[in-house]
Amino acid sequence: MVDTMTRKRAKPVAPVVDRATLPLDRILQGDCIAQMKSLPAGSVDMIFADPPYNLQLAGELFRPDGTHVDAVTDDWDKFDTFAAYDRFTRAWLKEARRILKDDGSIWVIGSYHNIFRVGAAVQDLGYWILNDIVWRKANPMPNFRGTRFTNAHETLIWASKAEGAKYTFNYRSMKTLNDELQMRSDWEFPICGGAERLKKDGTKVHPTQKPEALLYRVLLACTKPGDVVLDPFFGTGTTGAVAKRLGRHWIGIEREDDYIAAAKERIAAALPLDESALATMMSPRQQPKVAFGVLVENGYLTPGAVLCDGKRRFRAVVRADGSLLSDCGATGSIHKLGSTVQGAPACNGWTFWHYEAADGLKPVDALRQTYLLATQP
């Protein structure tokens, strides 16, 4: 007798991956597709990818003063045709989706040269786009030929593994990082420069090194402590350095010896961004708005730093998302917690909270002014 009863289809069970088998906090050298094939399915929580942009620059680029622009001319960025680039893109995205956990997400960054082709491949392979983020560069490189608009932004695609799939989004942290305002999809950061820019013999180690602040926000938004973050185009290790700072595990894949050497040295140090030692401050009327979380992202204040008021009556610890935790257990933004501990209806946290500098207590607003001077053109 044939059993004609209707049975519910069992949901597929996600594979259980033994984390001890993963190459955590290591760089795998070689082709990204081949190395991803060596990783088990459903084994990473987030992927951040900064693939070749296929810039195909025509000739050398020079500034008006005659100095050479150190642009992207490396072989790893060159593809014979758009079709070849599309095949490469689909191949690595397919492997990335296989090793991503069902509740994981992927970030891909690119310029107008490649991001639209990448976006189409992302959708064709079954990912579900959650947001496109515009990284607006506070100090972009000008268009030296004067024939087009200045390329002042790059685009990040954030996608889950499939339509309806769960994913991590630390909404509260993002709101706190942005001074209690909902984080928008247009982000402003300066391009990588100063002490953060890795150089060897006066030349950039990597032409497209990303600022740590950008990765800080991405990882803080979409991962939890202990999560595994994969970067298949590891370069000089920005993802690894930030992951280490935030208590996340990382796996990097990179082909080039010079990049790997620089990444290992950088991650071993895992230092926050250098604090600028500029003497003058911008007037309140001149200064643009800066969220307290931006100072944390850029390393001007590190998670765990202790703040107090000018009379040392109240103490609070800086947390990774830019919120503060007081000795009495209350939490909030610099403004909200300042009003809470004082029992006041409002508080300007920038002037209320102080940090310990070499020459005594200073208001955190001094760090905001320093950041502005370091980043404004």
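## Ground rules

A contact here means heavy atoms within 4.5 Å. Helices (H or I, at least four residues) and strands (E, at least two) are DSSP runs, numbered from the N terminus. The model is predicted, with local features needing pLDDT of at least 70 and side-chain atom pairs counting only at pLDDT 80 or more, while totals for chains, interfaces and linings use all residues. Residues are numbered from 1 along each chain as its sequence is written, and side-chain values use heavy atoms, leaving out hydrogens and water.

## The chain as a whole

Let's start with the overview. The chain holds 11 helices and 16 strands. Of its 377 residues, 49% count as buried (under 20% relative accessible area; exposed is over 50%, and partly exposed lies in between, with a 1.4 Å probe and protein chains only).

About 19300 Å² of the chain is exposed, and carbon and sulfur atoms supply 53% of that area (Shrake-Rupley method, 1.4 Å probe; for residues, only the protein chains shown count as cover). Among contacts between residues at least 6 apart in sequence, 70% join residues at least 24 apart.

## Helix α6 and its surroundings

Helix α6 spans residues 238-245 and is mostly covered, with six of its eight residues buried. The buried ones are Thr238, Thr239, Gly240, Ala241, Val242 and Ala243. What do they pack against? The buried residues of α6 pack against β2 (44-49), α5 (212-222), β9 (228-231), β10 (249-254) and α7 (257-269). Just after α6, glycine 247 takes a positive phi of about 75 degrees.

Together, β9, α6 and β10 make a right-handed β-α-β unit. Right-handed has a precise sense here: with the strands pointing away from the viewer, the path from the first strand over the helix to the second runs clockwise.

## Strand β10 and its partners

Five of the six residues of β10 are buried, so this strand is largely enclosed by the rest of the structure. Strand pairing (at least two bridges found by DSSP between two strands) links β10 to β9 in the parallel sense over four bridges. Within that pairing, valine 229 has tryptophan 250 of β10 as its bridge partner.

Strand β1 (residues 26-29) also runs parallel to β10, joined by four bridges. There, isoleucine 27 has glycine 252 of β10 as its bridge partner.

## A six-stranded antiparallel sheet

Further along the chain, six strands form an open sheet with antiparallel pairing, in the order β14-β13-β12-β11-β15-β16. Strands β14 (331-332) and β16 (360-363) stand at the edges with a single partner strand each, so one side of each is left without a neighbour in the sheet. Helix α9 (residues 334-342) packs on this sheet, where it touches β12, β13 (324-326), β14 and β15 (353-357). The direction of α9 makes about 15 degrees with that of β13 (axes are lines fitted to C-alpha atoms, for helices over the stretch in contact, and angles run from 0 to 180 degrees between N-to-C directions).

Inside the sheet, β11 (residues 306-309) and β12 (residues 315-318) pair in the antiparallel sense over three bridges. Leucine 307 stands opposite alanine 316 in β12.

## Salt bridges

How many salt bridges does a search of the whole structure find? The search finds 21, each being a side-chain nitrogen of Lys or Arg within 4 Å of a carboxyl oxygen of Asp or Glu. One of them joins aspartate 102 to lysine 161, with the closest N and O atoms 3.3 Å apart. Aspartate 102 lies in strand β3 (residues 100-110) and lysine 161 in the loop between β5 (153-160) and α4 (171-177), so the pair ties together parts that are 59 residues apart in sequence. Aspartate 102 is partly exposed at 45% relative accessible area, whereas lysine 161 counts as buried at 13%.

Aspartate 186 and arginine 184 also meet in a salt bridge (2.8 Å, N to O). Here aspartate 186 is partly exposed at 35% and arginine 184 is exposed at 56%. A further pair is aspartate 227 with lysine 224, whose closest N and O atoms are 3.9 Å apart. Aspartate 227 counts as buried at 8% relative accessibility, and lysine 224 as partly exposed at 41%. Lys37, Glu95 and Arg98 are joined into one network by salt bridges that share partners.

## A buried threonine

Threonine 89 sits in helix α2 (residues 82-99) and is buried, with a relative accessible area of 1%. Leaving aside residues up to four places away in sequence, threonine 89 touches Val118 and Ala121.
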